[in-house]
Amino acid sequence: MRKLKIAVQKSGRLHDDSMKMLKEVGIAIDNGRDQLKASAKNFPLEVFYLRNGDIPQYLLDGVVDAAIIGENVLVEKGNTISIVEKLGFSSCRVSLAIPKSETYVNIQDLNGKRIATSYPNTVNTFLKKNNLEAQLHIINGSVEIAPNIGLADAIVDIVSSGSTLFKNNLQEVEVLLQSEAVLAVSPKIEKEELAILNKLQFRLQSVLKARKSRYVLLNAPNKNLESIIKILPGMKSPTVLPLAKSGWSSLHSVIDKNDFWEIIDELKKSGAEGILVCPIENMVL
């Protein structure tokens, strides 16, 4: 049987979140300690555990069919590789930072500066876009120390919480790129593997939609049903069931997680009672 070959980061937060996502879509991976490759027990899929920076080349060469990878790495090393799904985890940004002691007015302050980075292509694209010139020092790892030892005037690196910048007396002044984990596909993927990828993507979309939604159940007087139904968008329309208590109904619907509290407030104002809100495991639309 043909299998989809998918690459994930060998270790770290992105690895952990990637494996968690595969588990959530019902794929069981038997990945023993220090394995570089593992097969799924219940899905035609092989997982390759690779260094994050190597994954774009594996995709370009067709060694793997797909990958769960940080968008920032694709932009830096494989900008011809297609992204088929944004996965909503491992969020970070590629940012430019300078010493806290320095004053920053606008991007023109970067002209002629020395910038230390592990993302030269991303930085050069930014400089070109803004008609700037700068001297790049390419460093792999520990970029934040460069201004403190006099190697550079600024750095460009990935930032999550900003705590590393704070510890090194740096201030974030420009965001070059917002990034998250994505599902990327090799330009050399074959028809059979693409069909498997489409099945995987369908499962991922079901989980992602569920993460953004909440299932809500409530009781409401029949006289207020019309106004309450207008508040609840649902997938098509809310489910309305009669209660044993005369003149009352139970409504079931789905609401957007981001609008949760605003919708709950409106429901209460419209007479809704006994409101229950539950997480959703999967949404198949």
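**Pockets, pairs and labels**

Modeller: Let's begin at the second largest pocket: 14 residues line it, and V75, T122, T125, F126 and L176 lie nearest its centre. Keep in mind that this is a predicted model.

Colleague: What makes a residue part of that lining?

Modeller: A lining residue has an atom within 4 Å of a pocket point. Helix 3 (71-77), helix 4 (120-129) and strand 10 (170-179) each give at least two residues to the lining of the second largest pocket. Helix 4 has the largest share there, with 5 residues. By type, the lining of this pocket splits into 5 nonpolar, 6 polar and 3 charged residues.

Colleague: What volumes do the two pockets have?

Modeller: The second largest pocket comes to about 220 Å³, while the largest pocket has about 810 Å³. The largest pocket is lined by 33 residues, and N52, N72, V73, Y119 and I158 are the closest to its centre. Helix 3 supplies the largest share of that lining, 4 residues. The lining of the largest pocket has 11 nonpolar, 15 polar and 7 charged residues.

Colleague: On to charges. Why is the pair R2 and E193 called a salt bridge?

Modeller: The closest N and O atoms of R2 and E193 are 2.8 Å apart. The cut-off is 4 Å between a side-chain nitrogen of Lys or Arg and a carboxyl oxygen of Asp or Glu, so this pair counts. R2 sits in the segment before strand 1 (4-9) and E193 in helix 6 (191-211), so the two partners are 191 residues apart.

Colleague: How do you know which of the two, R2 or E193, is buried?

Modeller: Buried means under 20% relative accessible area. E193 has 5%, so E193 is buried. R2 has 38%, which falls between 20% and 50%, so R2 is partly exposed.

Colleague: What does the salt bridge between R211 and E24 tie together?

Modeller: The closest N and O atoms of R211 and E24 are 2.9 Å apart. R211 is in helix 6 and E24 in helix 1, so their salt bridge links parts 187 residues apart in sequence.

Colleague: And E46 with K37, at 3.9 Å from N to O: what makes that pair a salt bridge?

Modeller: The cut-off again: 3.9 Å is within 4 Å, so E46 and K37 qualify. E46 is buried at 16%, whereas K37 is partly exposed at 43%. Some salt bridges also share partners, joining R2, E190, E192 and E193 into one network. The whole structure holds 11 salt bridges.

Colleague: Why is N131 called exposed, but N169 partly exposed?

Modeller: Exposed takes over 50% relative accessible area. N131 has 69%, so N131 passes. N169 has 49%, so N169 stays in the partly exposed class. N131 is in the loop between helix 4 and strand 8, and N169 in the loop between helix 5 and strand 10. Each has a positive phi without being a glycine, about 55° for N131 and near 55° for N169.

Colleague: Last one. How do you know that L151 can belong to a surface patch?

Modeller: Patch residues need over 30% relative accessible area, and L151 has 32%, so L151 clears that bar. L151 is in the loop between strand 8 (135-138) and strand 9 (154-159). With I145 and I149, L151 forms a nonpolar patch of about 260 Å² of accessible area together.

Terms used:
Residues numbered from 1 in each chain as written. Predicted model: local features only at pLDDT ≥ 70, side-chain atom pairs only at ≥ 80, totals over all residues. Heavy atoms only, no water. Patch = residues over 30% accessible without salt bridge, like charges linked within 9 Å, V, L, I, M, F, W, Y side chains within 5 Å. Areas by Shrake-Rupley, 256 points an atom, 1.4 Å probe, with all protein chains shown as cover. Buried < 20%, exposed > 50% of the residue type's maximum accessible area, 1.4 Å probe, protein only. 1 Å grid on protein atoms, 1.4 Å probe; cavity = no way out; pocket = protein on both sides within 12 Å on 5 of 7 lines; lining within 4 Å. Points joined across faces, edges and corners; volume = space filled by probe spheres on them. Nonpolar A, V, L, I, M, F, W, Y, C, P; charged D, E, K, R; others polar.
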